[in-house]
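Dear colleague,

I am handing over the structure we spoke about, and I would be glad if you read the notes beneath it with the model open.

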Amino acid sequence: MAIRRIDGLRLIGFIVLSLAAVTLLFPFYWMALQSFKPPTSAIQTPPDLSWGGLTIANFKKLTADNFIWIWTSNSLIVAAGGMFGNVILCSMAGYSFAKKDFPGKRILFWAIVSIMMTSTQVIMVPLFMQMRDMHLLNTYWALLLPILVSPFAVFLTKQFMHTIPGELIAAAKIDGCSEWRIFWNIIVPISMPVLAMVGIFGFVTQWNDFLWPLLATESRNMRTLQVGLASMQLQNVDYGLVLAGATWTMAPIAALFIAFQRFFVKGITIGAVKG
Amino acid sequence: MYRLRKALPGYLFLLPSCALFAVFMFTPIFRGLQLSFQQWTVSGYEWVGFSNYETVFSDAFFWKSLGITGIFTVITVAAGLMLSLAAAFAIDPFKEKTQNVFKAAFYLPSVAPIVIVSIIWLWLYHPSFGLLNYLLDLAGLKPVLWLGDPQVALFSIILMTVAVSQGPNILILVTSLGGIPKDYQEAARMDGASLWQEIVHIKLPMLKPTMTYLVVVNTVGSFQVFAPVYMLTSGGPNRATTTIGFLIYENAFKKFDFGIASAQAIVLLAIVMIVAIFQFRTMAGDLEY
């Protein structure tokens, strides 16, 4: 009896979860579908959900505009910067915190981790003024410099590298390995799972970021996709074009998500759940 | 000398990231504090003591935006975590494969850029051809001005935020639930505990550390909400959705009143820190049992 009751509950749970998931994903499906339809289709009631009359006209129009290419390459530069910066610089920091001993280690570590708790707004205004004073606004430097490192990436890599046995490092030292070679030829290969995670997170976070690129760039050709898309939405009544832009911007994230789902799940939980 | 030599590699590995943190995160925090005591004009700045803070505290809009932010935070965090908890309990009993499908489905909306989510929800909320009003019409109900009605607009932003941002919460809670030793469950069942008793007396208490963490992280995030406000309502109608995050943006980058914006940011930081510490204290108080 008891088992059957639990099965019944499970079934209800399954149905409710499925309904919720479909409801949440439906708007994205609608976006993708409408981007392949004539512009007027998006504003029809009842919503036009048929598969008939698909066209790539919106994407032709979108890609005919030079700015979409400029914004896309800007976004790629920023996202790649976030990815490589976080992977290389933060893993070096993580390694130092996990395996080295030096005065001030704990204070430095907690100072970095505590940045996660400060609000973005506190940093935004002074960072903007700082960049203005350095004459870096509206350049790639302004977009890249603040995002090359992230406290979260330092935290993740440190957690992972803790588990690497110290004997491995000691043995390499006896064999005469330099500090850098130990890091590069031993630590980095072993840490690939966490580095992949940090890299993907860095890429997605920077690809998606909105506030800082909005503040740091002024000219249309320094905008990232997110900021460009927002301005498109605010000025445009061509829904087909805006939705094609949205699908364009979402596609790389969706592809990364489908390919590396495992890493996303792990990355989210490793920081929060004590194992 | 020997000690320094031994410590040197550790410092060198830290140097690049610490330099970047120092210049682009710590310096701005202190500069922000400094800015909050200055008044900026085209010709430069002057020190004005606490006058920015006096202006901020005597500004009715500031208090209004604090209230709006408070409502936004309390509802998004409470509703979001309750839904996440329910989802996690529903996902927990399934086999790994089924679990992964649900995890992915709930997580995908949270990795979507907020700009895109907003563009889609602008359609859902559209007064004439939006899906929500179409559904209301089908049900024979009157259309709602989701983003145009000052009474409703904030709740529309809350609804969108709660709907799309539960992915991380659900993942973390499912993982925590999976980590609870099965012996406890079996023992409880042998003693004849009902499913409900098992959840309330065994699982919820075991989830407490995770919940504490999630409440704090979600609160810190909610207090800063900016992009949804910018995209959906620009703070309107009639300032009904002007959160403190948006107010700071307006003051700094529309009115170029850096001193006022910085004072508001410092107040925001102070509130966030007090709330975070308070939450850790009250929720983690009886952790050691």
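The notes below cover the core, two helices that pack together, and one residue of chain B.

This is a predicted model, in which local features need pLDDT of at least 70 and side-chain atom pairs count only at pLDDT 80 or more, while totals for chains, interfaces and linings use all residues. Residues are numbered from 1 along each chain as its sequence is written, chains are lettered from A and ligands numbered from 1 in the order in which they are written, and side-chain values use heavy atoms, with hydrogens and water left out.

The largest nonpolar core (buried Ala, Val, Leu, Ile, Met, Phe, Trp, Tyr and Cys residues joined through side-chain atoms within 4.5 Å; buried means under 20% relative accessible area, with a 1.4 Å probe and protein chains only) has 184 residues, of which Met31(A), Phe210(A) and Phe226(B) touch the most other members. Its largest share, 12 residues, comes from helix α3 (residues 66-99) of chain A, helices being DSSP runs of H or I with at least four residues.

α3(A) packs against helix α10 (residues 192-208) of chain A at an angle of about 145°, with the axes 8 Å apart; axes are lines fitted to C-alpha atoms over the stretch in contact, and angles run from 0 to 180 degrees between N-to-C directions. Their contact (heavy atoms within 4.5 Å) has 10 nonpolar, 8 polar and no charged residues.

In chain B, Leu35(B) lies in helix α1 (residues 2-35) and counts as buried because its relative accessibility is 0%. Leaving aside residues up to four places away in sequence, Leu35(B) touches residues including Val125(A), Pro126(A) and Ser262(B).

With best wishes

Notes. Buried < 20%, exposed > 50% of the residue type's maximum accessible area, 1.4 Å probe, protein only. Helix = DSSP H or I, 4+ residues; strand = E, 2+ residues; numbered from the N terminus. Nonpolar A, V, L, I, M, F, W, Y, C, P; charged D, E, K, R; others polar.
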